[in-house]
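Trainee: Could we go through this one together? I'd like to learn how the labels get decided.

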Amino acid sequence: MNIFDQYLNKIKKILLDLSKNGDLILPDKLDGITTEIPPSKFNSDISTNVAMVLSKLNKKNPNDLAIILVEAIKKNDPLIEDISVVKPGFINIKFKTVFWTNFVEKIIKNSKSFGINTNEKKKNYLIEFVSANPTGPLHVGHCRGAIIGDVISNILLFNNHKVTKEYYVNDYGNQIINFTKSVYFRIREIIFNEPFPSNNEDLYPGDYLINFAQNIINSNKKIDFKDFDKVFDELTVLSIEEALKLIKDNLNTLGINHDKFISEKKLVNNQEVEKVIDFLHKNNFVYKGKIKAPAGEDNNKWIEREQLLFRSTDFGDDKDRALQKSDGAWTYFASDVAYHKNKLDRKFDYLINILGADHAGYIKRISSSVEALSNTKGKLICKVSQLVKLIKDKKPFKMSKRKGDYITVDDLVNEVGKDATRFIMLNRSSDVELDFDFDNVIEKSKDNPLYYVQYSYARIASVFRHLNKDLKADIKINNYDFHYTNDEIKILKKISEWPECIDAASNKLEPHRIPTYLFELASLFHSYWNLGKDNPDKRFISEQKKITDDKLVFLKVISNVIKSGMDIVGVSAPEKM
RNA sequence: GCGCUCUUAGCUCAGUUGGAUAGAGCAUCGGUUUUCUAAACCGAGGGUCGAAGGUUCGAAUCCUUCAGAGCGCGCCA
């Protein structure tokens, strides 16, 4: 039920008819023609740019062409109240009230599907997000990307696409060795009373490792922890298990559940890296060579070495990238290429990666590798989530790696709650740095968009409560004939934009559009609500039962959209606040 | 030095894939509660869309150059 699509199709049909009669010349494709939401000052419901797009080809000025088209559009459409041509050549359509009555009736009868793009071909997506190293709890830095990934998944799922949410576990490499060592020292600390080494910068100092150590000791009484080399393999597995358990816990408090966890170590052990490099070799994407030091930096320590390189410059990268370390081990990039081959083999239509800003420099090389492996462009879509600036007491709160000086996801959720964390983290485009102001986020006022939107839902719920009706129950209507006034139509117009919002969020993978839309809808609703103070006609509960019933339908439409949006964002919509 | 992202009202930001007189919130000032939730609403002021060129019927949006901010840039993941 996208009225913009509906009218676009209608107009295109009219164009084809006109061109058959020889009254109009059309281009091969009707791509540039759109129906849009007109700016509010025009008092019109839909506008189209047809006349401007076709004017050149038809050698007519847009205004004259528009006048011809207006006649054709107006004909046989009883729902149009007014259709006019405005300055550069826009055609503005204003509907009769009955259009909106019909509109409400239609979306009430199909409330489950309202907003979903039913014309679009359904795709199968793989989305990889979070993928934080399994060495400790998630902190704020991971949080935004995690929520963005989750909500993008929700949007795609809402639009009936298939989505697999995946977490890549980096359980291979030096950091894991250091991590295991750190756990080992914590174990020795507990069992043999040896102090944890304080001078080793490779080790992980966080207190949470004490818990890991204790848990491992408690559930593995048989292991003798005297000799590190002997317990190393087993301890690595146990340590990663502990870390993953904690990470999954953290994700859970944010309301995030991945479908799959893929282990880097398994990929390496299955020789998948060798296989993919073999493939690249055969297709001449790798060679032995040297990487030059970056210009303008202090490169005294730079040592040029010959090593196995991937030709990412062929795909627009700055330099070719190393696949193998000097000791023969694979680089992180190499196993990630193998991972992406693994993804490709599973036949998804699109792969999506959500990356933090600090990994943005990595995009070129990994998308290059996907292009090389799949021989197609645009298969991998990378979204970057910019930094979150924490603000406390009006000052930026700096996190440092020093022990205890960073804020974890747990801290955040404990302080401001899951809902506020999710909503605020999404409240800006992911391309933009985000201020996360603790004082603001817990404030219960208009400063806080979450409460503002929830409050509009709660107000609707309160009307239903007064009438002893259940907001969640379906409403059945027939011969709906309520006559909406301009104040109500303002809201219905916003409602009509919901499918457009979903479409844009889904096509561009821009989840912030949902909170933005919900805020606008809530704002219109609050305005309307307050009209009831001066004007009893604007109240929902009327002395005439029919009017009350009809208005409940209107409220139901609004609450359905708010609820859908809140579900996508993954926050609650309480009926009482 | 190079790459990515950003620059829109005093502040924080939207801007629907190039459209019409550029929109919200906060802050400031002034109003609204015997009424379905004032966690709300109404009104006022506030702009050279970082700068300069270019592309065209039309640019905050696309291209080029420049300036500023953030992030990143050897076999760490």
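Mentor: Sure. Keep in mind that this is a predicted model. Let's start with S496: its side chain reaches the backbone oxygen of K493 at 2.6 Å.

Trainee: What makes that pair, the side chain of S496 and the backbone oxygen of K493, a polar contact?

Mentor: The distance is 2.6 Å, and the cut-off is 3.5 Å between N or O atoms, so the pair counts as a polar contact.

Trainee: Why is S496 called buried?

Mentor: Its relative accessible area is 2%. Buried means under 20%, so S496 gets that label.

Trainee: Where in the fold does S496 sit, and which residues is it in contact with, beyond its neighbours within four places in sequence?

Mentor: S496 belongs to helix α17, residues 486–496. Leaving those sequence neighbours aside, S496 is in contact with I3, F4, W100 and F103.

Trainee: Now the RNA. How many residues surround strand B, and which are the closest?

Mentor: There are 75 around RNA strand B, and the closest are W302, R305, Y455, S462 and R539. Of the strand's atoms that come within 4 Å of the protein, 56% are sugar and phosphate.

Trainee: How do you know that D431 makes a polar contact with RNA strand B?

Mentor: A backbone N or O atom of D431 is 2.8 Å from a sugar or linking oxygen of the strand. The limit is 3.5 Å, so this pair qualifies. For a base oxygen, look at M577: one of its polar backbone atoms is 3.0 Å away.

Trainee: What kinds of residues make up the surface near RNA strand B?

Mentor: They divide into 28 nonpolar, 22 polar and 25 charged.

Definitions and conventions: Residues are numbered from 1 along each chain as its sequence is written. Chains are lettered from A and ligands numbered from 1 in the order in which they are written. This is a predicted model: local features need pLDDT of at least 70, side-chain atom pairs count only at pLDDT 80 or more; totals for chains, interfaces and linings use all residues. Side-chain values use heavy atoms; hydrogens and water are left out. A residue is near a molecule or strand if one of its heavy atoms lies within 4 Å of it. A polar contact is a pair of N or O atoms within 3.5 Å; within protein, one must be able to donate a hydrogen and the other to accept it, and residues adjacent in sequence count only if both atoms are side-chain atoms. Ala, Val, Leu, Ile, Met, Phe, Trp, Tyr, Cys and Pro count as nonpolar, Asp, Glu, Lys and Arg as charged, and the others, Gly among them, as polar. Helices (H or I, at least four residues) and strands (E, at least two) are DSSP runs, numbered from the N terminus. Buried means under 20% relative accessible area, exposed over 50%, partly exposed in between (1.4 Å probe, protein chains only). Contact means heavy atoms within 4.5 Å.
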